[in-house]
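Colleague: Before we discuss any contacts, could you show me the model and then take me through the reasoning behind the words you use for it?

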2 protein chains.
Amino acid sequence: MSLPHALLTALIERPGAGSELAGRFDRSIGYFWQATHQQIYRELARLEAAGLIEGTAVDGARGRKRAFRVLPAGRAELARWTAERQEPLPIRDEMMVRLRAEAMVGPTTLLNTLAELAQHHRDRLKTYQDIEKRDFTPPPTDKGQRLRHLVLKAGIEYERHRAAFCEQAMALLSSPSE
Amino acid sequence: MSLPHALLTALIERPGAGSELAGRFDRSIGYFWQATHQQIYRELARLEAAGLIEGTAVDGARGRKRAFRVLPAGRAELARWTAERQEPLPIRDEMMVRLRAEAMVGPTTLLNTLAELAQHHRDRLKTYQDIEKRDFTPPPTDKGQRLRHLVLKAGIEYERHRAAFCEQAMALLSSPSE
DNA sequence: ACGAGCATGTAACCAGTTACATGATTGA
DNA sequence: TCAATCATGTAACTGGTTACATGCTCGT
């Protein structure tokens, strides 16, 4: 259950309204934790009810926009959670299931899906590399910045690895069977 | 929604009872798709109700054990699903959230958690490498076997990558701040 | 014959998903 | 003034999780 803590972190980094957070979950934070606006609003309501954040009306804005900031209790809760033990990520990789199924009931058109997926990962790799060039040259010396850089580099390695995997699987599937 | 298809694949590879499948989801299949026995029994009941699999009582077994095998309709459904378009995996990486939180409210005891996690990934890496040595030397020429080998190699790369990441994060967190 | 443990479930809950709804403001 | 769009939701559903329950048989 990391969404509330991802929200607290984001709001400490910069306070803002639900819609702004939704935007950030489509970009920076969203690269390692995804959430829809429905989830975000629901969770903000819970955090506010629990007294961890506080929202104040933003006037001169559309609708009934409210900016949230983290209260001391929210900071404390975030610190508590950060120090908590963590179980390894449960892995659920649909493509691995598909490949194993392909070995049983193939051949199918899995090759097309792999090509699309490879392109997706190459695109995202490019995006990350652009961010790295823009934000982390020269490499930062500040610890917070170095942590963020590390997270980004993990994303870069991940995308590179996934793209390469798709390409290997494509090569295997399109090789003549024997 | 890949669990039913993971089950169909597993049952084509080798028919068996729910408890046997639960065992396989703790080993081979479980390395890329996890499921508890509750999920497995629920899903088997659905697949049977949909006419995709068939269960027959195993006598001489404990309890009311039933062996399931995949019916032609099940094979057809698996082939249909395998050829389906696939969205990229949604990413939800709790450790990345923690690292970014650490940058805001740290330092915490995150270092301990990272050490545990690194050990977990090194252990699993060792397991995979042992499986590779046992099952895939010499490298297979059969296409199905090569596909399985590819899936295993992806697992190996994943664990290696995660372990290295944890070690880098530990080095960064324990370096003197400036 | 009886406890340990295997095989199969039930029930309640929670996070995430999908589809739709409402109120306010801006711009043509 | 009214359509487009922004900001904030509500409702219903689904897959996965956690805790507990039941029936059977094997070994002692």
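Modeller: Let us begin with a cut-off: a polar contact is a pair of N or O atoms within 3.5 Å. Please keep in mind as we go that this is a predicted model.

Colleague: What makes the approach of Tyr41(B) to a phosphate oxygen of DNA strand C a polar contact?

Modeller: A polar side-chain atom of Tyr41(B) lies 2.5 Å from a phosphate oxygen of DNA strand C, and since the cut-off is 3.5 Å, the pair counts as a polar contact. Ser19(B) also reaches a phosphate oxygen of this strand, but with a backbone N or O atom, at 2.7 Å, while from chain A the side chain of Gln39(A) places an N or O atom 2.9 Å from a phosphate oxygen of DNA strand C.

Colleague: Which element gives the largest share of the surface near DNA strand C?

Modeller: That element is H3(A), which gives 4 residues; at least two residues each come from H3 of chain A and from helix H2 (18–24) and H3 of chain B.

Colleague: What part of DNA strand D does Gln38(B) meet with its side chain?

Modeller: A polar side-chain atom of Gln38(B) lies 2.8 Å from a base nitrogen of DNA strand D, whereas Gln39(B) has a polar side-chain atom 2.9 Å from a phosphate oxygen of that strand. Taking the atoms of DNA strand D within 4 Å of the protein, 66% belong to sugar or phosphate, and the rest belong to bases.

Colleague: How do you know which residues of helix H4 of chain B to call buried?

Modeller: The word applies to a residue with under 20% relative accessible area, and in helix H4 (residues 72–82) of chain B the buried residues are Gly74(B), Glu77(B), Leu78(B), Trp81(B) and Thr82(B).

Colleague: Why do you say that the buried residues of H4(B) line one face of the helix?

Modeller: Viewed down the axis of H4(B), the buried residues fall within an arc of 130°, and therefore they line one face. In general, an α-helix has 3.6 residues a turn, so residues three or four places apart point the same way.

Colleague: What do the buried residues of H4(B) pack against?

Modeller: In chain A they pack against helix H5 (94–105) and helix H6 (110–135), and in chain B against helix H1 (3–13) and strand E2 (66–70).

Methods:
Residues numbered from 1 in each chain as written. Chains lettered and ligands numbered in written order. Predicted model: local features only at pLDDT ≥ 70, side-chain atom pairs only at ≥ 80, totals over all residues. Heavy atoms only, no water. Near = heavy atom within 4 Å. Polar contact = N/O pair within 3.5 Å; in protein donor to acceptor, adjacent residues only side chain to side chain. Buried < 20%, exposed > 50% of the residue type's maximum accessible area, 1.4 Å probe, protein only. Arc of directions from axis to C-beta. Contact = heavy atoms within 4.5 Å.
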